[in-house]
Amino acid sequence: MSKKLYIKTYGCQMNEYDSGKIIDVLQSKEKIELIDKPADADIVILNTCSIREKAEEKVFHELGRIRKFKEKNKDLKIGVAGCVAAQEGKNIFKRAPYVNVIFGPQDLHKTNDLLEKSSKIPVVETTFDEIKKFDHLPDTMRTQNSAPLSIMEGCSKYCTYCVVPYTRGEEVSRTLDSILLELVNLIKNGATEIILLGQNVNAYTAVWEGRQIRLGDLIQIISEFEQIKRIRFTTSHPNDVDQNLFDCFRAVPKLVNHFHLPVQSGSNKILTNMKRDYTKESYLKIVSDIRKIRSNIPISSDFIVGFPGETKQDFQETLELVEEVKFDKSYSFIFSPRPGTPAAKMKDEVSKTEKQDRLKELQDLLNQYSKERSVELGGTVQNCMVIGKAKKHDNQLQARTECNRVVNFESNSIDLVGQLVNIRIDEVLPNSLRGSLQT
Ligand code: SAH
Ligand code: SF4
Ligand code: F3S
């Protein structure tokens with residue numbers, strides 16, 4: 001008999017990756033059937049995010065919903081994993097005493113043992129065991145054409161607003177051997193695209209045969225695997241962009257023409273208060289250097305508006321930066337004070353409505369530039385990775401451009417999934433593109 005697992009993931013791609021690993025761990029012990037509604041589950045796992053207050057609240061809301069299934073099925077095991085687990089630990093029991101297991105991102109390799117222990121008493125495991133987990137994770141059996149691959153854990157930047165260093169621990173790079181072993185396993189399971197993951201992938205550093213390896217080297221090494229057709233990486237910090245990465249953009253065609261480089265704000269005063277350790281000018285220098293190598297490269301970013309002390313003038317400088325760089329599809333958020341972070345204690349005098357207005361203004365501008373870029377794609381032929389069937393139409397497949405836009409196109413050839421194809425962009429829609437396969 002297989003166990004029915006309902007697993008829900010919140011937050012970033014690291015968490016998506018971790019959820020995959022939790023599934024691998026459970027599957028290494030017994031047959032697991034993934035279900036998409038919690039009602040009939042034997043095990044429910046919420047892999048949580050605490051980056052902003054809203055993300056955290058969603059978890060408790062979902063736990064409240066799941067509680068009623070536990071009332072019907074006393075054997076149901078409920079686990080809370082991820083960053084809320086790491087941050088709140090046993091406090092979660094106060095709001096949700098029916099939870100069985102609480103475990104942090106560095107403990108997921110112990111999922112089976114923790115679930116077993118929780119048959120007797122509720123269990124909490126939130127260690128910062130560096131990245132020992134990678135030595136204990138089973139090979140994956142999941143087929144993934146576009147496969148995420150974590151190359152580092154945690155973050156040591158301690159931006160004043162951010163919980164990540166407290167929930168995931170200090171930054172630690174995986175060894176090259178460990179990464180390549182996982183890569184080979186991913187290729188065995190059909191991977192043709194690799195997405196290198198970490199909170200700061202361009203801080204990656206390892207020593208291999210006496211030589212220092214940086215992100216650019218790692219990408220070069222991975223690109224030499226014939227089966228891998230395309231490589232992405234996310235996320236990068238401006239301070240860790242180095243010559244090695246520039247060289248890689250120049251030398252490795254398999255590295256996509258897209259760069260996600262979060263800037264957060266265009267005001268030097270705010271950047272200092274965020275402890276980002278770069279200036280608007282040094283950020284712009286990186287943009288101009290990368291565009292000397294790949295002139296048309298789309299650059300995307302994350303932004304925080306309404307950081308404590310952000311004046312109208314500071315915000316104006318963010319808008320000006322957006323106009324200068326013409327960012328592609330980006331993410332923007334209102335500052336959310338997180339417990340235990342320095343920014344949560346900073347004086348914040350901007351009203352909620354003012355922050356909402358600023359966010360709207362920023363998003364309108366960002367949307368305008370990303371729409372302009374989509375329109376520019378109309379009529380061009382794009383090299384795209386086929387990812388699967390289109391959501392709405394049976395006789396269509398879905399692919400992704402290098403700049404990560406979804407393109408739907410007519411085709412019944414399911415064996416194209418995982419392959420790179422040329423697609424002419426015929427129509428630009430608000431959230432996707434429509435195209436036709438070129439032979
Ligand atoms: N390591 C990455 C991103 C980490 S989290 C980086 O440094 O760029 C993803 C994004 O969430 C951040 O880039 C930031 O824009 C946003 N974020 C993080 N903490 C936040 C907070 N307290 N309030 C609002 N947004 C936040
Ligand atoms: Fe958070 Fe800053 Fe680290 Fe990004 S670099 S994860 S924003 S502390
Ligand atoms: Fe959220 Fe943790 Fe990722 S806080 S954004 S799940 S690292």
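A residue counts as near a molecule if one of its heavy atoms lies within 4 Å of it. With that in hand, let's walk through this predicted model, starting with the ligands.

**The three ligands**

By that cut-off, ligand 2 is surrounded by C155, K157, Y158, C159, Y161, C162, V164, P165, Q199, N200, H237 and R276. Sorted by class, the shell around ligand 2 holds seven nonpolar, three polar and two charged residues.

Ligand 3 has its own set of neighbours: C12, N15, T48, C49, S50, I51, C83, V164, R168 and Q199. Five residues of the ligand 3 shell are nonpolar, four are polar and one is charged. One member of the ligand 3 shell, C49, is buried because its relative accessibility is 10%, and the cut-off for burial is under 20%.

Ligand 1 has 15 residues around it, and those that come nearest are Y161, Q199, Q264, D302 and S336. The shell of ligand 1 divides into seven nonpolar, four polar and four charged residues. Two strands, β16 (302-305) and β17 (331-334), each supply at least two residues of this shell. Here are some of the polar distances around ligand 1, handy to have open beside the structure.

| Atom of ligand 1 | Protein partner | Distance |
|---|---|---|
| nitrogen | polar backbone atom of S336 | 2.8 Å |
| nitrogen | polar backbone atom of Y161 | 3.0 Å |
| oxygen | N or O atom in the side chain of R276 | 3.1 Å |

Taken alone, ligand 1 exposes 540 Å², and the protein buries 91% of that.

**Strand β17 and S332**

Strand β17 helps to line ligand 1, and S332 lies in this strand. Is S332 buried or exposed? With a relative accessible area of 11%, S332 is buried. The side chain of S332 makes a polar contact with the side chain of Q363, at 3.0 Å. Leaving out residues up to four places away in sequence, S332 touches F303, L359, L362, Q363 and L366.

**Helix α8**

Next comes helix α8, which spans residues 215-223. Eight of its nine residues are buried, so the helix is mostly covered. The buried residues are L215, G216, D217, L218, I219, I221, I222 and S223. What do they pack against? Their partners are the helices α7 (176-188) and α9 (243-251), together with the strands β10 (193-197), β12 (211-214) and β13 (230-234).

**V421 and the cysteines**

Further along the chain, V421 lies in strand β21, which covers residues 420-428. V421 has a relative accessible area of 9% and is therefore buried. Beyond its neighbours within four places in sequence, V421 is in contact with Q382, N383, C384, V386, L416 and L437. Take V386 as an example: V421 and V386 are 35 residues apart along the chain, yet their C-alpha atoms are separated by 7.2 Å.

C384, one of the contacts of V421, also comes up when you look for disulfides. How many disulfides does a search of the whole structure find? The search finds zero. C403 is in no disulfide, and its nearest cysteine sulfur, that of C384, is 8.5 Å away. A disulfide calls for cysteine sulfur atoms within 2.5 Å. C403 is also buried, because its relative accessibility is 9%.

Conventions
Residues numbered from 1 in each chain as written. Chains lettered and ligands numbered in written order. Predicted model: local features only at pLDDT ≥ 70, side-chain atom pairs only at ≥ 80, totals over all residues. Heavy atoms only, no water. Nonpolar A, V, L, I, M, F, W, Y, C, P; charged D, E, K, R; others polar. Helix = DSSP H or I, 4+ residues; strand = E, 2+ residues; numbered from the N terminus. Buried < 20%, exposed > 50% of the residue type's maximum accessible area, 1.4 Å probe, protein only. Contact = heavy atoms within 4.5 Å. Polar contact = N/O pair within 3.5 Å; in protein donor to acceptor, adjacent residues only side chain to side chain. Areas by Shrake-Rupley, 256 points an atom, 1.4 Å probe, with all protein chains shown as cover.
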